[in-house]
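Grab a pencil and open the model in your viewer. Below are a few exercises, each followed by a worked solution.

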Amino acid sequence: MSSPSQSGSRNASRARPTPRPAFPATGSASPPSSVRRRRRPERANQRRLRGHWTVTPPDRTDGAHRGIIVGRWTAGLRGRGALLGAVAILLAACGDAGGSPAGGSVHRTVVLGRSVQGRPISAVELGNPHAARRVLVVGCVHGDEPAGVAVADALAAGPGPAHADLWVVPVLNPDGMAARTRGNAHGVDLNRNFPAGWRRIDAPGSAHYSGAAPLSEPESAAAARLVRRVRPTVAIWFHQHLTVVDSSQGPSDVQRRFARDVGLPLRALTVYPGSATGWENTVVGQSAFVVELPGGRLPAAAVRRYADAVRRITGS
Ligand SMILES: [Zn+2]
């Protein structure tokens with residue numbers, strides 16, 4: 001419904017690097033172009049790794065110990081040695097196969113950024129980091145719609161898919177979830193704050209306030225950095241409580257199968273200006289869609305059913 005953004009077009013035509021560089025850094029994003037030109041890309045990446053992306057241990061696997069090492073080493077790295085160190089760290093984080101594209105696996109937690117009130121926004125990456133299939137799951141965008149967090153947590157607990165790189169963001173809006181509000185702590189509806197088709201909607205205090213500018217909020221900016229970096233082939237953004245799989249955009253075959261697996265109807269919802277999925281589909285075409293869960297908490301059996309349906313998308 002909206003034309004692709006400039007950055008989206010550029011991203012769409014760029015080959016995906018292997019192995020991956022570190023993630024991009026802050027909400028204000030990349031440094032000025034003059035700085036970018038002076039700096040070797042590898043060093044720029046390392047700076048971002050050291051300065052802003054924190055790898056923290058997941059709860060359960062050996063990856064936890066690797067995560068601790070990554071965090072500690074990157075905190076102490078300086079200068080030219082940093083690049084070599086970063087390469088070693090990235091390889092170490094790839095698991096038993098030592099970074100082999102065929103067999104490496106990860107299970108790690110990455111802090112994407114911080115909310116308005118300073119809460120960490122975390123993602124868990126698990127599975128094969130080199131896989132062509134990259135699946136993103138966002139459990140909670142609107143703070144008063146938290147049912148998807150249980151599904152995200154179940155996925156983040158593993159097991160990791162063998163043939164896909166699975167990224168799980170349980171809570172994109174931790175301030176809103178803590179306050180049980182739709183918007184973030186600025187009262188911004190994050191699902192109206194993304195660049196594609198963005199326009200000013202309403203005003204502070206309104207449920208659908210778009211924010212002052214696209215990606216004005218640290219939460220939406222963190223999600224945008226992740227999407228630009230991972231370029232998911234499939235992404236599910238959970239909401240509540242319309243009880244439907246949205247077919248208005250995204251991969252129709254995946255949507256159909258997912259709807260069948262979880263027992264939800266398939267229906268085309270309105271694509272709103274500034275929505276996360278609308279924007280993501282300008283970065284990677286036909287990748288993202290919304291799943292509107294039922295109201296209330298999901299029963300344990302339903303959590304399993306939704307998690308299993310996501311795992312089927314990953315090929316597990
Ligand atoms: Zn919602």
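**Exercise 1. Find the loop that holds D202, then work out what stands out about its backbone and whether it is buried or exposed.**

Start with the place: D202 sits in the loop between α7 (174-179) and α8 (218-230). Keep in mind that you're looking at a predicted model. Next, check the backbone: phi of D202 is near 60°, which is a positive value in a residue other than glycine. Now count neighbours: 13 other C-beta atoms lie within 10 Å of D202. Being buried takes 20 or more, and being exposed takes 12 or fewer. D202 is therefore partly exposed.

**Exercise 2. Look at the loop between β6 and β7 and describe T243, then the peptide bond from Q240 to H241.**

Take T243 first, which lies in that loop between β6 and β7. T243 has a phi near 55°, a positive value in a residue other than glycine. It has 14 C-beta neighbours inside 10 Å, so T243 counts as partly exposed. Then move to H241, found in the loop between β6 (234-240) and β7 (244-246). The peptide bond running from Q240 to H241 is cis, and its omega is near 0°.

**Exercise 3. What kind of peptide bond joins G158 and P159, and where does P159 lie?**

Check omega: it's about 5°, and the bond joining G158 and P159 is cis. As for the place, P159 is in the loop between α6 and β5 (165-169).

**Exercise 4. Describe how helices α6 and α11 pack.**

Two packed helices are described by the angle between their axes and the distance between the axes. Here, α6 (residues 148-156) and α11 (residues 300-314) pack at an angle of about 55°, and their axes are 9 Å apart. Angles under 35 degrees would count as roughly parallel, and 65 to 115 as roughly perpendicular. So α6 and α11 are oblique to each other. The handedness of this crossing of α6 and α11 is right-handed. Who makes the contact? On α6 it's A150, V151, A154 and L155, and on α11 it's V303, Y306, A307 and V310. Sort the residues of this contact and you get eight nonpolar, no polar and no charged.

**Exercise 5. What pLDDT does the protein chain average, and what is the pLDDT like over residues 1-54?**

Begin with the whole chain: the average pLDDT is 77, and 67% of the residues score at least 70. Over residues 1-54 the pLDDT is below 50, and this stretch has 68 contacts in the model beyond near neighbours in sequence. Over residues 56-102 the pLDDT is also below 50, with 69 contacts beyond near neighbours in sequence.

Terms used:
Residues numbered from 1 in each chain as written. Predicted model: local features only at pLDDT ≥ 70, side-chain atom pairs only at ≥ 80, totals over all residues. Axes fitted to C-alpha atoms, helices over the stretch in contact; angles between N-to-C directions. Helix = DSSP H or I, 4+ residues; strand = E, 2+ residues; numbered from the N terminus. Parallel < 35°, antiparallel > 145°, perpendicular 65-115°, else oblique. Left-handed = near helix turned anticlockwise from the far one by under 90°. Contact = placed C-beta atoms within 7 Å. Nonpolar A, V, L, I, M, F, W, Y, C, P; charged D, E, K, R; others polar. pLDDT = per-residue confidence, 0-100.
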